[in-house]
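Visitor: I'm new to this one, so could you show me around? Let's have the sequence and the 3D picture up before we start.

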Amino acid sequence: MFSLIHFLLSLFLILHLTPQPVTCWRPWPTTQTNLTHTPTDLQFGPSKKFEGSSDFVDLKYHMGPVMTTNITVHIIWYGTWHSSQKRIIREFINSISDDSVPPPSVSGWWKTVQLYTDQTGSNISRTVKIGSEKNDRFYSHGKSLTRLSVQSVIKSFITAKTKPLPITPKNGIYLLLTSPEVYVQDFCQQVCGFHYFTFPSIVGYTLPYAWVGNSAKLCPGVCGYPFAVPTYIPGLKPVKAPNGDIGVEGMISVIAHEIAELVTNPLVNAWYAGKDPIAPVEIADLCEGIYGTGGGGSYTGQMLEGRDGATFNVNGIRRRFLIQWVWNHVVNYCTGPNALDQ
């Protein structure tokens with residue numbers, strides 16, 4: 001991860017310090033402080049084939065729990081959402097477990113995530129489904145959220161008087177999605193999303209959760225890349241989004257990133273590289289900005305283009321998506337279903 005901050009608190013210090021969830025990437029391969037690259041450099045980079053491969057990556061299992069039973073994603077739609085936007089996100093999540101989709105598919109991407117195991121040797125579940133959903137059209141916690149208030153939003157829906165979200169700490173993911181007019185602490189500047197777990201002192205339970213924001217109004221060139229490009233890099237052209245919604249399609253890859261990391265490292269003590277989890281060292285962090293063969297450095301890798309000119313790398317249920325690859329600890333490099341050597 002480039003210039004992003006991981007600040008993971010130990011369980012001993014949770015009640016004494018301000019929490020900092022595992023911060024997710026910006027899907028943009030070069031920091032804003034380095035403006036010497038040309039558009040060609042940014043698109044193709046110095047190397048066409050290394051996919052993040054490195055003998056220095058020491059990804060290990062740290063004995064914490066992973067999600068090996070059927071995974072349920074509970075969604076909180078915070079703010080104003082159109083039904084068409086919800087359909088795109090739902091169909092991506094539902095595509096994770098659909099093996100009937102022709103390759104390269106979302107389920108083919110998930111097979112790399114399934115390679116990860118717990119201490120009994122049980123693999124990550126192949127089944128990911130949508131559970132309960134809640135809507136917060138009136139911004140109950142305001143249009144500006146802190147990292148702690150994100151947990152308060154989740155609490156309000158698991159304790160709701162009518163149809164509360166079910167409490168499933170072992171196999172549930174609580175996914176808070178904020179609409180374009182909502183700002184979350186560090187959004188656009190450092191993160192496009194993050195994951196962590198809720199504190200019993202705030203929520204009453206330890207629940208794995210993730211937040212992902214819609215960047216359509218605030219920073220499409222950062223979190224909607226490559227469907228939008230940063231204004232500070234003249235001449236770089238965006239690619240066409242396969243579903244026609246830059247904000248939502250930028251979210252899709254971040255959602256994929258967060259779900260992959262949540263199931264393999266839900267309590268931040270399972271799968272990560274190195275000795276210090278403060279660094280960006282989870283299975284999606286290691287492949288940040290890589291979408292195809294040859295990706296790495298500042299090159300996204302070879303993606304696919306449909307007859308309509310839209311760019312994608314996986315097929316889903318009735319739709320196509322562009323999502324980043326994840327680290328394969330068996331072969332020790334980033335992999336994806338659209339790899340040219342598969």
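Visitor: How is strand 3 (residues 71-78) placed relative to the rest of the structure?

Guide: Eight of its eight residues are buried, where buried means under 20% relative accessible area, exposed over 50% and partly exposed in between (1.4 Å probe, protein chains only). Strands (E, at least two residues) and helices (H or I, at least four) are DSSP runs numbered from the N terminus. With every residue of the strand buried, strand 3 is therefore largely enclosed by the rest of the structure.

Visitor: Before we go on, what kind of model is this?

Guide: Residues count from 1 along each chain as its sequence is written, and side-chain values use heavy atoms, with hydrogens and water left out. Local features need pLDDT of at least 70, side-chain atom pairs count only at pLDDT 80 or more, and totals for chains, interfaces and linings use all residues, since the model is predicted.

Visitor: Which residue of strand 6 is the bridge partner of I75?

Guide: Two strands pair if DSSP finds at least two bridges between them. Strand 3 and strand 6 (residues 172-178) run parallel, with seven bridges. Within that pairing, I75 is matched with L175.

Visitor: And in strand 4, what does V73 pair with?

Guide: Strand 4 (residues 128-136) is parallel to strand 3 too, and seven bridges join them. The bridge partner of V73 there is I130.

Visitor: Which helix gives the largest share of the largest nonpolar core?

Guide: A nonpolar core is a set of buried Ala, Val, Leu, Ile, Met, Phe, Trp, Tyr and Cys residues joined through side-chain atoms within 4.5 Å. The largest one has 86 residues, and I89, F92, W110 and L177 have the most contacts inside it. Its largest share, 10 residues, comes from helix 6 (residues 246-264).

Visitor: Is T198 buried or exposed?

Guide: You'll find T198 in the loop between strand 8 (193-197) and strand 9 (208-213). Its side chain reaches the backbone oxygen of Y205 at 2.6 Å. With a relative accessible area of 0%, T198 is buried.

Visitor: How many residues apart in sequence are the parts tied together by R319 and E91?

Guide: The side chains of R319 and E91 meet in a salt bridge (2.8 Å, N to O), meaning a side-chain nitrogen of Lys or Arg within 4 Å of a carboxyl oxygen of Asp or Glu. R319 sits in the loop between strand 13 (314-315) and strand 14 (320-321), and E91 in helix 2 (residues 83-95), so the pair ties together parts whose separation is 228 residues.

Note on methods. Polar contact = N/O pair within 3.5 Å; in protein donor to acceptor, adjacent residues only side chain to side chain.
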